[in-house]
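Here's a casual walk through one structure, with an eye on charges, salt bridges and a couple of unusual backbone angles. Have the model open while you read.

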Amino acid sequence: MSTQQGQDAKFFQRGKIEEFRAELQAAEAKDKKYQKRKTVLKKIVANITMGNDMSPLFHDVIQCIGTPLLEIKKMVYLFLVSYGRSKPDQIHLVIPSFLQDCSDRNPLIRALAIRTMSYIPIPVVTEALSDQLRHCLKDRDPYVRKTAAICVAKVYTADPRKAERRGFVELLRDLLIDDNATVVSNAVAALSEIGDRQDGVIFKLNLTIANRLLAALGESSEWGQIYILDSLLRYVPEEHTDAEVMAERVIVQLQHANSAVVLTSIKVLLYLMNYMDNRRLIDYICRKMGPPLVTLLSSGPEVQYVALRNILLIIQRRPTVLKNDVKAFFCKYNDPIYVKLAKLEIMYRLAREENAREVLAELEEYASEVDVDFVRKAVRSIGRLAIKVEPAADKCIESLLKLIETKVSYVVQEAVIVTKDIFRRYPGKYEGIIPSLCENLDALDEPEAKAAMVWILGQFADKIDNVDDLLDDLVYSFLDEPAEVRIPPSFTPGLSETLCQVQLALLTAVVKLFIYKSQSEMTKALVHKVLKWATEDVDNPDLRDRGFMYWRMLAMNPAVAAEIVLAEKPAITTDSDRMDRGALDQLLLHTGTLGSIYHKNPETFIRNAAGRALVDSPALNANSRAVLVTLARPQLPPISISVPGPGPVEPTRPSQPDDAANKPDLLIVEPSRSDERDLLDVEGDDGAGGDSGEGYLDGDDGAPVTKAADPYAELSGAFGGYMTDVPQPVAGGGSRGGDLDDLLF
């Protein structure tokens, strides 16, 4: 093969149309073994590959379509695939040859003919293809049947309604029970592509067909296994035992050598666990999923990144999967930066009291690296670790103080930012480090760090002796500070546009200072100056409104102003840095796909993609059922529209008896009907919801959940689609301590 490839390399040279035409015409005279034609066609195909326009040779090339040599026929068909749709006025010349080849004794030629015709979405070709495709779907040769299955998906893409009327979808459905595994996998792939369209039919599986697909899994290729496993998400278990038995049959695929098969198997297992009630089996499956995920980290950096992005979703939903494998995510010196950042996020999420010391030691090492973004992320992770794991807070504070002593600008600024959150997490506990922070006030030049430091000065104005002078120095540049600053997303994953309002922080801090030291003349002058600037010289409406509010409160009732401004701040927690449960459960249905890397549902960035979510059934957890979100499929346009009222009468559409007589039942899906049945359910089982999709929040463990209106609309960011670095106040009574399945620590 390598020798043949080396010989064919000589054909990749730019040629002229006239030369190729002359060579083809000369080959017609003396070319008994068709060697000359083969050589010329190789040159033409090579030029097509290089991007050269060979369409002027259309009429000359199609003269070779009748050649009995398969290699020449392949090249002619390849030429037609490239230029057939651009020659609608000449394509009728080759249709007789297409039809002849569809009846050829050689199955390779039959398959080649229908495949080429399906690539040319021109009405005259599609009409000629219909009868031949119907015959090929029932062909005696499995190679022809599996090729015809893919052709149905292409015909459906060209004209969905016509493909439904002619019964191609039903014929494709019948191939799901074919004896050949390759035919089955191709039929599943075609039906999945059709079912993933918003205007496509609803593709569901029942238990019988799901078991048939699992039986064909072992004989299928790797691509076929991926399609079959992915199609199992369209099966909705009606009983817990159905999901448990299916999971036991899928779990063996975790040992597969192909990473895509492994990730797809994990996706199916995560889906089936929502329909199980056997806690022991769920824990067993979680333990089984850990080693394959860790093994993926030994692949190349690209595969590693895909695995890490998926792991980041999985451990938020099932923390027990990798709870003892945090060391597997320690960064290596030669890891690319995108892999390091992904590992850093996973390390933080797997951190708990038992491994906090190891994680902290690793983060301290990263804080001395040379990559600025990586160091910033490491320093911020130390602060987040202190907030998340209370027993490790003391050690984290010591590490932050050591980092501040290095006097490295960006390290000091990140340390100040996270220290502000630590003060809110542990009120009155670490105030002794404030002098160290004040010593580095001049080093703060980034708005977010400066705003954090201003907040600290205002919050502890009664405990800092020279706070008047410090704030006076900061207020000096009040009018020069930007009211709104866009923070780079690399600093705050998931928050592509964070508003850092330094002026607002200065305004609030000065008011707090005045409340603490209302008798100081310097403080009075300072607050008067800032309020005057805020209300008269600033264009930002938020800043101006807050200035008026503070001024009026201080003028009317200083005591009430003190109660409002100095009100006790609620403690913060890192629970809010976990993705919304509804969005998380939907994304887990896209494990191993592009959606799991972007952390966005495919319908948000792929045109005409249908949403995916859990479907209600008796086996689904009760709490999940209570928060199901319906993903409505778009209405199909009506055939005719009648407008009542005065004016000319709109003519009604004449009846079409032929179409009505030949139209199979349940062929066109009308998503708006509540009593719709599933076209692709072989046993005629209605199921519940089909691919119309119903979102859910998991409630395996009886934890209280709230319904999200639109759980995935705001997901964005290259590193994560959730708020990772902005701790939020703890909701009253909203503890999730009982949610053992999701919140392990």
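## Charges, pairs and backbone

Glutamate 369 sits in the loop that runs between helix 20 (356-366) and helix 21 (372-388); helices here are DSSP runs of H or I with at least four residues, numbered from the N terminus. A word on what you're looking at: this is a predicted model, where local features need pLDDT of at least 70 and side-chain atom pairs count only at pLDDT 80 or more, while totals for chains, interfaces and linings use all residues. Residues are numbered from 1 along each chain as its sequence is written, and side-chain values use heavy atoms, with hydrogens and water left out.

Back to that loop. Glutamate 369 counts as partly exposed because its relative accessibility is 34% (buried is under 20% relative accessible area, exposed is over 50%, and partly exposed is in between, with a 1.4 Å probe and protein chains only). On the surface, Glu364, Glu365, Glu369, Asp371 and Asp373 gather into a patch of negative charge. Patch members have over 30% relative accessible area and no salt bridge, and like charges are joined within 9 Å.

Now for the charges that do find partners. How many salt bridges does the structure hold? The count is 33, taking a salt bridge as a side-chain nitrogen of Lys or Arg within 4 Å of a carboxyl oxygen of Asp or Glu. Here are three of them.

| Acid | Base | N to O distance |
|---|---|---|
| Aspartate 139 | Arginine 110 | 3.0 Å |
| Aspartate 196 | Arginine 612 | 3.9 Å |
| Aspartate 468 | Lysine 517 | 3.1 Å |

Take the pair of aspartate 139 and arginine 110, which form a salt bridge. The two link distant parts of the chain, 29 residues apart: aspartate 139 is in the loop between helix 8 (123-136) and helix 9 (142-158), and arginine 110 is in helix 7 (residues 107-118). Both aspartate 139 and arginine 110 are buried.

Arginine 612 and aspartate 196 also meet in a salt bridge. Arginine 612 is in the loop between helix 32 (594-598) and helix 33 (622-626), and aspartate 196 is in the loop between helix 12 (181-195) and helix 13 (207-216), so this pair ties together parts that are 416 residues apart in sequence. Arginine 612 is buried at 12% relative accessible area, whereas aspartate 196 is partly exposed at 29%.

Then there's the salt bridge between aspartate 468 and lysine 517. With aspartate 468 in helix 26 (residues 467-475) and lysine 517 in the loop between helix 27 (502-516) and helix 28 (521-537), the pair ties together parts that are 49 residues apart in sequence. Aspartate 468 is buried at 10% relative accessible area, and lysine 517 is partly exposed at 24%. Salt bridges with shared partners also join Asp196, Asp230, Arg234, Lys267 and Arg612 into one network.

Next, the backbone. Most residues other than glycine have a negative phi. Lysine 407, though not a glycine, has a positive phi near 65°. It lies in the loop between helix 22 (393-405) and helix 23 (409-425), and lysine 407 is exposed at 52% relative accessible area. Histidine 599 has a positive phi too, about 60°. Its place is in the loop between helix 32 and helix 33. Is histidine 599 buried or exposed? It counts as buried, because its relative accessibility is 0%.

Last, the cysteines. The structure holds zero disulfides, a disulfide being a pair of cysteine sulfur atoms within 2.5 Å. Cysteine 396 is buried at 0% relative accessibility, and cysteine 438 counts as buried at 17%.

How values were computed: Patches are made of residues with over 30% relative accessible area and no salt bridge: like charges are joined within 9 Å, nonpolar side chains (Val, Leu, Ile, Met, Phe, Trp, Tyr) within 5 Å. Accessible areas come from the Shrake-Rupley method with a 1.4 Å probe; for residues, only the protein chains shown count as cover. Lys and Arg count as positive and Asp and Glu as negative; His and the chain ends are not counted. The place of a charge is taken as NZ of Lys, CZ of Arg, CG of Asp or CD of Glu.
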